[in-house]
Amino acid sequence: MWAQIRSNRIRSVILVGALALVLVLLGYFLGEAFLGSGLWGLIIALVVWIIMNLIAYFQGDALILSISRAKKIGPNDHPRLWNVVEEMKIASGLEKMPDVYIIDDPAMNAFATGRSPKHAAVTVTSGLLQKMNRDELQGVVAHEISHIQNRDVLLMTLCSVLLGTIVILAWYGSRILIFSGGSGGRRRSGGGGGGSGAAIILVVALVLAILAPIFAQLIYFAISRKREYLADASGALYTRYPEGLASALEKIADSTIGLHSANQAFAPMYIANPFRKEGMSASDLTSTHPPIRERIRILRSMAGGASFVEYNKAYQKVRNNKQNVIPASTLAVSAAMVSTRQPEPAPDQSESEQKIDRAREVSAALDKLHKYTALACPCGTAFRIPPDYKGKVIRCPRCGRDNQIMNK
Amino acid sequence: MVGLIIGLVFAVIVLLLIIWLFATYNGLVRLRNQTKNAWSQIDVQLKRRHDLIPNLVETVKGYAAHERQTLEAVIQARNTAVSAIGKGIGEQAKAEGGLSGALSRLFAVAEQYPNLKANENFLALQEELSSTENKISFSRQFYNDSVLQYNNKTQMAPSNIVAGMFGFKAGEFFEVKGEEEREAPKVSFK
């Protein structure tokens, strides 16, 4: 079953190779056009790329987490989330418990970071924690953990760095080409009016500078969309409960709140596109994520099983084609029938009571993370006092009693 | 000259065969270790459940002392499960199934005590225990997946040749056959 990682690797290597080829061509022709030497262009492109890769590899996850203002939690800060992550860590056979982060944001989203299964983190927004029940949360976390288990995070980092390098080179290259009128090319031919060879190189460089980012982006999107389907399939398999993830995706699709702290470059890492617009068509090439309604339909079409084989069948049925979304070599070795489990028993609370409980749980976790002091008034009112509150006494708005704040 | 070519071809074939042998052997070892590791994961979770139960029983006692029968059944099932450690997969699975049944009965009883249900300590224990229950079934699931993968490799051609040569034996699935678990009462929380 886990052989899928290896067979995927080959396909990914081909796509990454295609991206790298775009970079090499761009570097070479821009070099020819400005420096009179394709080789130097190539070397500059590769050096830029290597430096960016090193930064992304060693600092990428820290960068993303700090940009999105994620806060790390421990087992007691939000026990339900911690337990769900640990359950999925066990179900997927991940070797190490990933770090768990919360983003204080009403939008519903989640992402995985980290260069390897040993250095990984799962991040969810507080909005997600408030609105999802346990089965749905489990589905989302399973999806993220399978991104880690399938080495998607590293692949996507590698690809986004390649894409970033291509975009930067093309941007500067095309500006200089346009505004200098290709003086570099003329200098090379010794001011002799410019040979036709130099002119051709100029045109090729300009065309590449314009087209390369577009090509690169299309390849990038193709890789990332395939990964989403795979992560959904693994999520269903790990939880043995496709409906959990389906219902979670449905809640996300129905929500209208966008994520504040999202960044275009990291979009493929989220469970659902943080910049999505409604009504995206299935053939949309410029999306990092497959249409969310289609993902829900596939998960719900899985006929009473949770295996890769069932997911693949459901995919073919919904997409109405014969394409395999899961590599044939994986399908051959995975069990055809994996039965699903029962949903968690519903607690004897109404849906709105559960929502209130979950909201309390999340705000308690966030207050703890922001170092708020908890205080209870004898009349039964509970306070949480921010760390920058200067006073020593706080008046209870309900009974008017003055309460001393401890350790002030 | 012809002899040299034949010799070279032969050498290449032998080399490829040796590489394949090493790769298959290592693959088998990796899978066997994975099943062993998966098994120890189940043990970790079972141990965690054993450790949580005395605490739970104490908490429930404070609110529902006269449910002695249910409480004693839980303690009894826990002790049976603890003593079944190391007696083989079948025995252990049966004892743990019994414990799951006794626990679900205890939680069903707890439903009748609103004060107990509002107790923070009880709520935290309930979350821990139900999550541990999940973790047990997920680690069992991963163990069985690993065993299936390992057994496939030991039984399917051509890797079964290597498995036979070095004595890789098929693993045993963790199946819950305990009477208690199968008859666990369906609790309605409505």
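**From one arginine to the cores of a predicted model**

A:Arg80 lies in helix H3 of chain A, and this residue is a convenient place to start reading the structure, which is a predicted model. With 17 C-beta neighbours inside 10 Å, a number below the 20 needed for a residue to be called buried but above the 12 that would make it exposed, A:Arg80 counts as partly exposed. If we leave aside its neighbours within four places in sequence, A:Arg80 is in contact with A:Arg134 and A:Glu361, and also with B:Glu127 of the other chain named here. Another residue to look for is A:Tyr372, which is 292 residues away from A:Arg80 in sequence, while the two C-alpha atoms are 21 Å apart in space.

The contact with B:Glu127 leads to a meeting of two helices. Two packed helices are described by the angle between their axes and the distance between the axes. For helix H3 (residues 79–92) of chain A and helix H5 (residues 120–155) of chain B, the axes come within 8 Å and cross at roughly 10°. Because angles under 35 degrees count as roughly parallel, H3(A) is described as roughly parallel to H5(B), and the crossing of these two helices is right-handed. On the side of H3(A), the contact is made by A:Pro79, A:Arg80, A:Asn83, A:Glu86, A:Glu87, A:Ile90 and A:Ala91, while the residues on the side of H5(B) include B:Glu127, B:Ser131, B:Lys135, B:Phe138 and B:Phe142. By class, this contact has 6 nonpolar, 5 polar and 5 charged residues.

Turning to chain A as a whole, the reader will find 13 helices and 8 strands. Of the 408 residues of this chain, 43% count as buried. Among the contacts in chain A with a separation of 6 or more, 66% are between residues that stand 24 or more positions apart.

In soluble globular proteins, nonpolar side chains tend to be buried together. In this model the largest nonpolar core has 108 residues, and those with the most contacts inside it are A:Leu26, A:Val140, A:Val141, A:Ile166 and A:Ala205. Helix H8 (residues 196–239) of chain A supplies the largest share of this core, 18 residues. Taking A:Leu26 as an example, and again setting aside neighbours within four places in sequence, we find it in contact with A:Ala45, A:Ile166, A:Leu169, A:Ala170, A:Leu208, A:Ala209 and A:Ala212. Apart from this core lies another one, of 13 residues, among them B:Val60, B:Val74, B:Ala102 and B:Leu103.

Of these residues, B:Ala102 is found in helix H3 (residues 89–110) of chain B, and it counts as buried because it has 23 C-beta neighbours inside 10 Å. Beyond its neighbours within four places in sequence, B:Ala102 is in contact with B:Ala73, B:Val74 and B:Ala77. The C-alpha atoms of B:Ala102 and B:Gln76 are separated by 9.1 Å, although these residues are 26 residues apart along the chain.

B:Val74 also belongs to a second pair of helices. The axes of helix H1 (residues 2–63) of chain B and helix H2 (residues 68–83) of chain B come within 11 Å and cross at roughly 170°, which means that H1(B) is roughly antiparallel to H2(B). Here B:His50, B:Ile53, B:Val57, B:Val60 and B:Lys61 in H1(B) meet residues of H2(B) that include B:Leu71, B:Val74, B:Ile75 and B:Arg78. The residues of this contact divide into 8 nonpolar, 1 polar and 2 charged.

Key. Residues numbered from 1 in each chain as written. Chains lettered and ligands numbered in written order. Predicted model: local features only at pLDDT ≥ 70, side-chain atom pairs only at ≥ 80, totals over all residues. Axes fitted to C-alpha atoms, helices over the stretch in contact; angles between N-to-C directions. Helix = DSSP H or I, 4+ residues; strand = E, 2+ residues; numbered from the N terminus. Parallel < 35°, antiparallel > 145°, perpendicular 65-115°, else oblique. Contact = placed C-beta atoms within 7 Å. Nonpolar A, V, L, I, M, F, W, Y, C, P; charged D, E, K, R; others polar. Core = buried A, V, L, I, M, F, W, Y, C linked by C-beta atoms within 7 Å. Left-handed = near helix turned anticlockwise from the far one by under 90°.
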